[in-house]
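Me: Please take a close look at the aromatic rings in this model. I would like one connected account, with the pocket added at the end.

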Amino acid sequence: FPFPYTPYGIQEQFMEALYGALEAGRVGIFESPTGTGKSLSLICGALSWLRDLEEKKQQEEARLLEALNPAEPGHPGGAGTAGDPDWITAFVQRKEERDKVDRLKEEQIRRKKREDHLEKIRHNVQLKYAAKRKRSQEDETKRLLQLSKEGLSQGAGVDVLEQLDHNEEELILAEYESDEEKKVISGLEEEDDDDLEEEHVTKIYYCSRTHSQLSQFVHEVQKSPFGKDTRLVSLGSRQNLCVNEEVRRLGALQLINDRCMEMQKNKHEKKSDEENEGKKRRVSRAICPFYSYEQMQFLRDEVLVEVKDIEQLVTLGRETKACPYYGSRYAIPAAQLVVLPYQMLLHEPTRTAAGIKLKDQVVIIDEAHNLIDTITCIHSAEVSGAQLCRAHSQLSQYMERYRKRLKAKNLMYIKQILYLLERLVAMLGGNVNQNPGCQAVSQTGTVLKSINDFLFQSQIDNINLFKVQRYCEKSLISRKLFGFVERYGGPATAVKTNKENQKLAGLQNFLLTLQQGSDKEGDPPMEADSDQLRTASPLMQIEGFLSALTNANQDGRVILNRQGTVGQSSLKFLLLNPAVHFAKVVEECRAVIIAGGTMQPVADFREQLLSCAGVDPARIMEFSCGHVIPPENILPIILCSGPSNQQLEFTYQTRDLPQMMDETGRILCNLCNVIPGGVVCFFPSYEYEKQVYAHWEKTGLLTRLATKKKIFQEPKKANQVEQVLVEYAKCIKRCSQAGGQMTGALLLSVVGGKMSEGINFSDDLGRCVIMVGMPYPNIKSPELQEKMAWLDKTMPRAAGQAPSRVLTENLCMKAVNQSIGRAIRHQKDFASILLLDHRYARPATFNKLPQWIRERTQVKPAFGSAFAELRKVRTSVLCTA
C-alpha cells in the first residue's frame with residue numbers, strides 16, 4: 001500500500017486496516033504497542049485518507065460541473081411524471097442542475113479563497129511586522145497612561161485619583177483607529193472573512209489523555225512529511241492556554257473559568273450598570289486585555305499556517321497579545337486535524353461550547369484503554385454538605401440584596417434553587433441555617449439510591465430539573481454569584497475562614513456570618529478543614545450534580561455518604577451506563593477509531609460501550625498487531641513459587657502473611673544480583689507497598705537489596721514524581737559508568753499510580769518489570785458493587801461467567817497490561833517481565849495478556865528454572881554488547 005511515511009518500523013498492515021476502516025465508516029478497535037509510532041501512524045494513515053478524499057471530492061466536482069453545465073439551451077427532457085408536460089419536466093430538471101452547479105461553484109470559490117488567504121498569511125511577513133508594531137504602540141500607550149496615573153496619585157492624593165477615575169472616565173477619548181489601519185493590521189483588506197469562520201471542512205479529531213502526550217504527538221507531526229501541509233489546531237483548557245497572569249495566578253480550574261467569564265461579561269456590559277452600582281463605592285471591573293477579536297483572528301491565521309503545540313500556542317498568544325484559548329477555537333472550522341484531550345470531546349456541553357461539530361467527521365481516541373472509566377468520571381458529580389450550605393448562604397444574600405431589581409421569573413428560579421439546596425442538605429441529615437461543621441450526622445454510612453427514589457425522598461420530584469438546568473446555563477447565575485461574593489465576601493481567589501473570629505466590617509462580615517451558619521454562642525466557626533482554599537461560588541459544581549440527576553433512572557445511582565458532620569458528608573451521582581453519552585459520538589461521526597498500545601481485554605469496549613450505544617456489530621472491526629521488537633528481546637515469565645517453594649498467591653487473605661512478604665523479598669534479592677540497570681516492581685496498592693517496605697526494613701532484607709540497587713519509592717504527590725524519576729535515572733547512569741558492586745536502582749511503584757501509565761522506562765531504566773500479585777479492585781466499594789449489580793442485571797453471561805466477575809477480572813488485567821508495557825518502548829529495547837502469582841497461568845487470565853506478550857510467555861512452576869532463564873538472557877545480552 002503506497003503510504004508516504006511508515007514511522008518506527010510499524011507494520012504497513014496497521015495503516016492499511018486504518019485506511020479501510022475510515023473508507024468504510026467503521027468503529028474500529030485498534031491495538032499496536034509501539035508508543036509514539038502507533039500514534040503517529042494513526043494520523044499518517046488518517047491524513048493519507050483525508051488527502052485522497054479531498055482529491056476525489058475535487059475530481060467529482062469537476063466531473064459534475066462538466067456533465068451538468070448546460071451547453072445546449074434546448075436540453076431534451078424526458079416524459080413528465082404524474083402527467084406533467086415535457087416542457088415543465090425539462091424546466092424543473094434544468095433548474096435543479098443549475099442550482100447544483102451554483103452550489104459546486106460556490107464551494108470551489110470558498111475553498112480557493114481560504115487557500116489563497118492562508119498562502120498569503122504564510123508568505124506575507126509584512127503583516128506580522130505591522131501587527132507587532134501595533135502591539136508595541138499599545139503597550140507604550142498603556143505604560144504612559146500608568147505613569148500619568150501614578151504621577152497624579154503622588155501629586156494630588158489618592159482621593160483625587162479615585163474621583164477622576166470615577167467621575168471623568170467618560171471624558172477620556174477612546175483610542176482612534178481608521179478603517180484603513182484595521183484592514184492592514186488584520187491582513188484581510190477587502191475580502192470577506194465569514195467563510196473562514198462558518199465553513200467546516202472534513203477533519204480528523206485526534207484525542208489523547210493528557211496535554212503532555214498531545215504535545216509529544218504534535219512534535220512528531222511537525223517532523224513528519226505532513227508537518228508543512230497540514231492545518232493543525234491544538235485545543236486545551238483555560239488552565240493550560242490562559243496568558244493573563246492575573247487569572248493564571250488563581251490556580252484552580254474553576255476559579256480560572258469563573259474569572260475569565262466575568263472579564264468577558266465586563267467587556268460587554270454597559271457603562272450605565274457600572275454607574276448605578278458604583279456611585280457610592282468604586283467598583284473594580286477588570287477586562288482581559290488579551291480578549292481582542294482582531295488579535296485573535298491574527299492568532300488563528302498563524303495557527304492554521306504552521307503546526308504548533310500547546311506551549312508554542314501560549315508563546316504566540318503572549319507575543320500577539322491574543323487569547324490562545326479562544327483564538328484556537330476560531331481556527332477549528334478551517335482545520336484538517338484538531339488535537340485535544342478526550343475529556344473535551346466526550347463531554348457534550350464542552351464540545352458544543354468549543355464549536356466542535358462531529359457530523360460526518362473522523363474521531364481517533366488514542367490511549368483509550370480507560371475510555372469507559374473516563375466517560376463515567378466526566379459525567380459523575382459529587383458535592384459536599386459544606387458546599388451546599390455555603391451556596392445556600394451566598395444565594396440567599398444575593399437574592400435579598402437585589403430582590404427589588406430582579407424580575408419575577410428570576411426570583412422564582414432562585415427560590416427553586418434555594419429549595420433544592422435545602423432538601424439536599426436535609427437528605428444528609430442537616431439544616432442549611434446551621435453551621436455544617438457543627439451538625440453531627442445521626443446515621444453514618446453509605447446509602448445508594450436510584451435517581452427516582454432519591455428525587456421522591458428528597459421531595460424535589462415536583463421540580464423540573466431540565467428547566468432549572470437551562471436557567472442556570474442561560475442566566476449564568478453561578479458566575480453572577482461569583483462576582484457578588486468576590487465584591488462583598490473577601491478576596492476573589494478564595495474564601496478563608498480561621499478558627500479565630502475575624503473582625504470584618506459591613507456586608508463582608510454579614511456574609512461571612514451567614515456563610516458560617518447561624519451559630520449559637522460558643523459554637524466554633526466552621527470545620528477544621530476550612531483552612532484549605534475554597535472556590536468563592538460552589539454553585540457551579542452543584543449545577544453539575546443537578547444536571548446529572550436528569551439522567552434516566554436506570555443509567556445512574558445517587559450515593560449518600562454520611563460521615564461525622566454534615567460538612568464532611570457528600571452526595572455523589574454515579575453513572576452506570578457510559579454508552580448513553582458515547583452514542584451521539586458514534587452516531588454522528590463518519591468513523592470512530594478507539595486505539596491504544598494495550599487494549600486487551602476488548603470485551604468491555606464491545607459490550608459496555610458499543611453494543612449498549614446501539615452500534616451495529618457489522619460496523620465494528622478489531623485490529624491488533626504485534627510489537628516491532630524481535631521475539632528474543634522480551635522474556636515474560638509467570639512465576640508460580642519462590643526460592644523456598646512457597647506458592648505465590650497474593651490474595652487479600654494471604655498477602656499480609658510474613659512468609660509471603662519474605663518470599664517476595666528473596667525473589668527481588670536474587671533478581672537484582674543478575675539484572676543490570678533498573679528494576680521496576682509494581683505493588684497492588686500504596687498501603688501494601690508501604691507494609692512490605694516496613695517489613696523488609698524490620699527483617700534486614702532491605703539492607704541486602706540496597707547493596708545491589710539503590711531503592712526508590714513512588715511518591716503519592718504528583719509534583720514529586722518528576723524529581724524521583726530524575727534521581728532514579730541519574731543513579732542508573734552513574735552505576736553503569738562507574739561499575740562496582742552497585743549495579744543500578746530498584747523502583748517500588750504502584751499499579752494505577754503515577755508511574756503505571758504514560759511513563760517510559762526504556763533501555764536501562766527498565767530491564768525488568770515485576771508485578772507482585774493481581775491488582776483486583778476493592779469489591780467492597782459501594783460504587784463497584786452497584787456497577788457489578790447493574791451489569792449482572794443488564795448484560796448476558798459470557799462463557800459461563802457472570803458479567804460482574806468478568807468486570808473485576810478485566811479491570812485487574814487492564815491495569816496489569818498497562819504497567820508491564822512500560823519497559824519495551826522502541827524497536828531495539830529489551831526487558832524481562834515477571835508476574836508473581838500462579839493465578840496468571842489460568843487460561844481465562846492468561847488469554848487477557850496482550851498478544852505480543854502472551855505469545856512469548858513462559859510458565860515456571862519453580863523459581864530455579866525461571867532464574868536460569870534470566871541468567872541465560874543476561875549472558876546473551878552481555879556477549880552481544
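Reply: This is a predicted model. Start with the aromatic pairs: a search of the whole structure finds 13.

Take phenylalanine 454 and phenylalanine 545. Their ring centres are 6.3 Å apart and their planes stand at 90°. Planes over 60 degrees apart count as edge-to-face, so this pair is edge-to-face. Where do the two rings sit? Phenylalanine 454 belongs to helix α21 (residues 451–457), and phenylalanine 545 belongs to helix α25 (residues 539–548). The pair therefore ties together parts that are 91 residues apart in sequence. Buried or exposed? Phenylalanine 454 is buried, at a relative accessible area of 0%. Phenylalanine 545 also counts as buried, at 0% relative accessibility.

Tyrosines pair too. Tyr291, Tyr325 and Tyr326 form a cluster linked by ring pairs.

Some rings carry a charge above them. Arginine 655 places its charged end over the ring of tyrosine 688, 4.8 Å from the ring centre. Arginine 767 does this with phenylalanine 830, its charged end 3.7 Å from the centre of that ring.

Now the pocket. The second largest pocket has a volume of about 2200 Å³. It is lined by 48 residues; closest to its centre are Asn257, His347, Pro349, Thr350 and Met540. By type, the lining holds 16 nonpolar, 22 polar and ten charged residues. Two domains contribute at least three lining residues each: domain 1 (204–261 + 289–359) and domain 2 (381–485 + 537–577).

Note on methods:
Residues are numbered from 1 along each chain as its sequence is written. This is a predicted model: local features need pLDDT of at least 70, side-chain atom pairs count only at pLDDT 80 or more; totals for chains, interfaces and linings use all residues. Side-chain values use heavy atoms; hydrogens and water are left out. Rings of Phe, Tyr and Trp (its six-membered ring) pair if their centres lie within 6.5 Å; planes under 30 degrees apart count as stacked, over 60 as edge-to-face and the rest as tilted. Helices (H or I, at least four residues) and strands (E, at least two) are DSSP runs, numbered from the N terminus. Buried means under 20% relative accessible area, exposed over 50%, partly exposed in between (1.4 Å probe, protein chains only). A charge sits over a ring if NZ of Lys or CZ of Arg is within 6 Å of the ring centre and within 35 degrees of the ring normal. On a 1 Å grid over the protein atoms alone, a cavity is a set of points where a 1.4 Å probe fits but cannot get out, and a pocket is an open set with protein on both sides within 12 Å along at least five of seven lines; lining residues have an atom within 4 Å of a point. Grid points are joined across faces, edges and corners, and a volume is the space filled by probe spheres set on the points. Ala, Val, Leu, Ile, Met, Phe, Trp, Tyr, Cys and Pro count as nonpolar, Asp, Glu, Lys and Arg as charged, and the others, Gly among them, as polar. Domain bounds come from an automatic or database domain assignment.
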